[in-house]
Amino acid sequence: MLLEFDEQEGLIRDRSLLDPNHVVEEDRIVGRDEQLQEVTKMLRVALGDNRPPNLFLYGPSGTGKSLITKAVCKNISRICESRNIRFGTVEVNCQDLDTLGVAIYELAQRAADEAGVEVEVPKHGVATKDKWDELYRIVNENFDSVVFVLDELDMLVGRRDKQEPAFSRLLYQLSRAGVNDDLTAYISVVAISNDTKMMESVGSRAQSSFTPEDVHFDDYDAQQLQAILRRREDAFHAGVLDDDVIPLAAAFAAQTNGDARKAIDLMRVAGELVEREGDDRVREEHVRDAQDKVEKNRVLEVVRGISTQKKLCLYATAAVAAESDGGSARSTTGYRVYQFLTESISADQYHQETYVNKMKELTTYSLVDFERRSHGPSSGMFLEFQFGERPKTILETLREDSRIEKVEPEEVQTVAKAQVQNET
């Protein structure tokens, strides 16, 4: 079987073009001319052996923030090399970094990788200051200018008992390092976040030292997503895509916050499904199958790391959204279904305020968003949650949890439907 597969030409010609994290050439970047120019204009200062400003790039997931930063830094690196300027890009994704100490070590490790040297302190068992000193040593000895790219920075919360989140302390320390002469190299910090309000949680000291230039990224619309996919169409061999494949993949991605990563993922998964089936063309039905698979995988990735209580909050809210006409859920209605769920499995029950806070925390994963609403003087104020993926997919995925599995889906559906009908 392996030899037979090896001999097949396959449908996909260049898999790197179907990797959302692959840094493509600038002519493949669509609908982001303004942001590309802004980031280039501000970071190009490094070409003159000067310190570029700090940047804050914000907007929904999959709107080109990381892609543009990497593309610009790649071009700067190439030109700096020709001018004998030692330029480095040190990038970390903060989603899986749980403490400040882990984040600092990860930065040191990435800086060492970029420079082709070794980190000389252990990951565990040393003081945080020692990790900072090691990061400074690596940067000072190997670079003239460095851009630190902190992707999904808002996810680096750290210990809850601290007065400010870990990402605030990281920004403060990095932005002060040059002033304190800890770093002799010029550094710029590029903070990237899906949370437009992240800077509101940054402490006053960090805000005054970080002082970034803001670059906003809007959602892609269906037309822009089509253009993005057209620029990557040559990932496949000529003539293997049906005409309706790209428009459909773009339409699906446009429904979920205009996420270009999802659009590209849909094309990749659809192509891989066809290859496994031994078919010779990618058709509409393959995109629909890919949509189901990509949605479920994304939800699985998010819910795998959250607590059972958060899962119960999410399940209850998604159950309400699945029964409402607009696909959204009022916090008051979601809480009543949450109460039913916790009583059904004899779990601890949060107060409504805590339930709402847990749902708000889930917005950092781009799985759910909310707006403050009022349906007239008699109804009072409440939050209305909207989902980035289909509520049905979220319910199906969460039912794989052993505790939620104990509750009959039909019972939850009946309760959710009754509560939606009782809304005033």
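## A tour of pockets, cores and a buried helix

The lining of the second largest pocket is mostly a matter of charge: by class, it has five charged residues, two polar ones and one nonpolar one. That pocket is a good place to start in this predicted model. From there, we move to an enclosed cavity, the nonpolar cores, helix 6, and two buried residues worth a look on your screen.

**The second largest pocket**
- Its volume comes to about 210 Å³.
- To find the pocket in the viewer, select Lys 70, Cys 73, Lys 74, Ser 77, Thr 89, Glu 91, Arg 110 and Glu 114, which line it.
- Three elements each supply at least two residues of this lining: helix 3 (65-82), strand 2 (87-93) and helix 4.
- Helix 3 provides the largest share, with four residues.

**The cavity**
- The structure holds one cavity of 30 Å³ or more, and the volume of the largest cavity is about 30 Å³.
- Around the largest cavity you will find Leu 18, Leu 229, Arg 232, Glu 233, Phe 236, Ile 264 and Met 267.
- This lining divides into five nonpolar and two charged residues, with no polar ones.

**The nonpolar cores**
- The largest nonpolar core has 58 residues, and Leu 43, Phe 236 and Met 267 are the ones that touch the most other members.
- Helix 10 (residues 260-277) gives the most to this core, contributing nine residues.
- Another core, of 44 residues, lies apart from it and includes Cys 94, Val 139, Val 189 and Met 198.
- Two names turn up twice here: Phe 236 and Met 267 line the largest cavity and also belong to the largest core.
- Setting aside residues up to four places away in sequence, Leu 43 touches Pro 52, Pro 53, Leu 55, Val 72, Cys 73, Ile 76, Val 147, Ser 188 and Val 190.
- One of those partners, Cys 73, is also part of the lining of the second largest pocket.

**Helix 6**
- Helix 6 (residues 166-177) is twelve residues in length and spans 17 Å from its first C-alpha to its last, close to the expected 16 Å.
- Nine of its twelve residues are buried, so helix 6 is largely enclosed by the rest of the structure.
- Those buried residues are Ala 166, Phe 167, Ser 168, Arg 169, Leu 170, Leu 171, Leu 174, Ser 175 and Ala 177.
- Their cover includes helix 4 (100-115), helix 5 (128-142), strand 3 (145-151), strand 4 (186-193) and helix 7 (204-210).

**Ala 185, in the loop that follows**
- Ala 185 sits in the loop between helix 6 and strand 4.
- With a relative accessible area of 7%, Ala 185 is under the 20% cut-off and so counts as buried.
- Although Ala 185 and Phe 143 are 42 residues apart along the chain, their C-alpha atoms are separated by 6.3 Å.
- Beyond residues up to four places away in sequence, Ala 185 touches Val 139, Asn 140, Phe 143, Asp 144 and Ser 145.
- Val 139, one of these contacts, is among the members of the 44-residue core.

**Gln 35**
- Gln 35 belongs to helix 2 (residues 33-43).
- Its relative accessibility is 7%, so Gln 35 counts as buried.
- Leaving aside neighbours within four places in sequence, Gln 35 is in contact with Ile 68, Val 215, His 216, Phe 217 and Asp 218.
- Helix 2 (residues 33-43) ends with a residue we have already met, Leu 43 of the largest nonpolar core.

Methods
Residues are numbered from 1 along each chain as its sequence is written. This is a predicted model: local features need pLDDT of at least 70, side-chain atom pairs count only at pLDDT 80 or more; totals for chains, interfaces and linings use all residues. Side-chain values use heavy atoms; hydrogens and water are left out. The expected span of a helix is 1.5 Å times one less than its number of residues. Buried means under 20% relative accessible area, exposed over 50%, partly exposed in between (1.4 Å probe, protein chains only). Contact means heavy atoms within 4.5 Å. On a 1 Å grid over the protein atoms alone, a cavity is a set of points where a 1.4 Å probe fits but cannot get out, and a pocket is an open set with protein on both sides within 12 Å along at least five of seven lines; lining residues have an atom within 4 Å of a point. Grid points are joined across faces, edges and corners, and a volume is the space filled by probe spheres set on the points. Ala, Val, Leu, Ile, Met, Phe, Trp, Tyr, Cys and Pro count as nonpolar, Asp, Glu, Lys and Arg as charged, and the others, Gly among them, as polar. A nonpolar core is a set of buried Ala, Val, Leu, Ile, Met, Phe, Trp, Tyr and Cys residues joined through side-chain atoms within 4.5 Å.
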